[in-house]
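I opened this entry to look up how the copies are related and how one sheet is built and covered.

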2 protein chains.
Amino acid sequence: MSTDVAALTPAEARARFRDGLHVPTSGWCAGYAQANLIIVPKDYAFDTLLFAQRNPKPCPILGVLDAGETTGPLLRGGDIRTDLPAYTVYRDGELVETVTDLSEHWRDDLVTFIVGCSFTFEAPLLQAGIPIAHIDQGCNVPMYRTSIRCESAGRMAGPMVVSMRPIPATRVSDAVRITSRYPAVHGAPVHVGDPSRIGISDLSRPNFGEPVTVPDGTIPVFWACGVTPQAAVMESRPPIAFGHAPGCMLITDAADTDYLIP
Amino acid sequence: MSTDVAALTPAEARARFRDGLHVPTSGWCAGYAQANLIIVPKDYAFDTLLFAQRNPKPCPILGVLDAGETTGPLLRGGDIRTDLPAYTVYRDGELVETVTDLSEHWRDDLVTFIVGCSFTFEAPLLQAGIPIAHIDQGCNVPMYRTSIRCESAGRMAGPMVVSMRPIPATRVSDAVRITSRYPAVHGAPVHVGDPSRIGISDLSRPNFGEPVTVPDGTIPVFWACGVTPQAAVMESRPPIAFGHAPGCMLITDAADTDYLIP
């Protein structure tokens, strides 16, 4: 399998995941937007949508599938239950399982929220010559629960989760400038530098994903992360909920540039 | 009453409206964001929020008050039932009344959506030397139902409503550039020029607000308008709903610049 995954179309990538391939999607399908998932019963849908509206940096909504719907314009011809590499299953807020197929868990009252992902702006960062450590190191991006509280909405409350990329000190302002133009996929960083200021005690022990080595001359830069709704599910304990496995995203048919602001 | 209304604070303006003053708010409280209202029963709240999410140009959400709540951070110390110049009352989608106080209609299951308003970007347009015809002519802004369909959400569906400002032909690109930096208050225009292309047959007969004279050398420019959720209420016929009277906005404590993107 020496395929250049960056050159695949979203439909080709989704077909591989549907067939059971389970890998992180960073670097796949260059030029296409990637997305987080959060799936909740209809009874929790208003609280979840309002939570997203009140916390647009971690939870930028790209699309919502109506109750029971399994496809939509962001994944034409696809199936939200099978087309990601892996999914998390939460019962009463506990992560009980990670699966590669949600079909046997599906219910007609499930509402799917498709949430922007920072993998989307990695292509423009790379184009600008800014290195992405987790791509260079061949691992998943590290993600951390922080001490930053999200604004709550009804029964949904929780901490902000962030992703971290070590950025060369001379390129931090470029990274801010470039990512700020993509607010629908988390936009500008929420924190630059000292991890302890946002409640992260040890960079080498992320809560999700994998640790990266922080190269000399770089500084850790933190972006709001679309795993945040899953952290809210863990705290808010709806009877059932599903997410993407962190780092294993929905690859959408939308172009990165669809989310570029002027 | 020769007060310079542009110099009032939002709290001062809201107090005047609470006391019964009923006038359009364009030009009031320079530097502060103005907002549209749509208020629906909890049972319609998810459909309404999803309608807004799917139609961000006409329905940019600035805030949501929980069911029964009558105040919030956008109107500190205020009361959403009394602090606007006037409100519309819809029963089964019919506009049955315009009132200056919603108190006697209030119910504990009512959810209030505060939606961005294009009056917010009139201050930066004026600062750039772009004239605003309805301010110069001392009337309300003209608003029109268009042939552009919004994306529907559950039971909520309807046409896009737009506001129109005649802009000097040499300044249209400046007006686009300036307003595009305020996506939370409708952003860039949705249409420039021929009104018939978006289903407006007669500029002198707006569906809401008042007609303006289109001065020589100007071209009509159309921005998405926060009366759009009220047009959806008229079509979708929830048992009860309320809005602001078109042009008579909530003046919020948020600064215009809070909604300025980089």
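I first superposed the copies (by least squares on the C-alpha atoms of residues with pLDDT of at least 70 in both), and a rotation of 180° with 0.0 Å of shift along its axis brings chain B onto chain A with an RMSD of 0.0 Å. That is the relation of a two-fold axis, and the C-alpha of chain B nearest this axis belongs to B:Phe46, at 2.4 Å. I noted that 100% of the interface residues of chain B are also interface residues in chain A, so the copies meet through the same surface.

This is a predicted model, in which local features need pLDDT of at least 70, side-chain atom pairs count only at pLDDT 80 or more, and totals for chains, interfaces and linings use all residues. Residues are numbered from 1 along each chain as its sequence is written, chains are lettered from A and ligands numbered from 1 in the order in which they are written, and side-chain values use heavy atoms, with hydrogens and water left out.

I then turned to chain B, where four strands (DSSP runs of E, at least two residues, numbered from the N terminus) form an open sheet in the order E6-E7-E9-E8 with antiparallel pairing, a pair requiring at least two DSSP bridges. Strands E6 (143-149) and E8 (191-192) of chain B stand at the edges with a single partner strand each, so one side of each lacks a neighbour in the sheet. E8(B) pairs with E9(B), residues 218-224, over two bridges, and B:His191 has B:Phe222 as its bridge partner in E9(B).

Helix H5(B), residues 172-180 (helices being DSSP runs of H or I, at least four residues), packs on the sheet and touches E7 (159-168), E8 and E9 of chain B, contact meaning heavy atoms within 4.5 Å. The direction of H5(B) makes about 15° with that of E9(B), where axes are lines fitted to C-alpha atoms, for helices over the stretch in contact, and angles run from 0 to 180 degrees between N-to-C directions.
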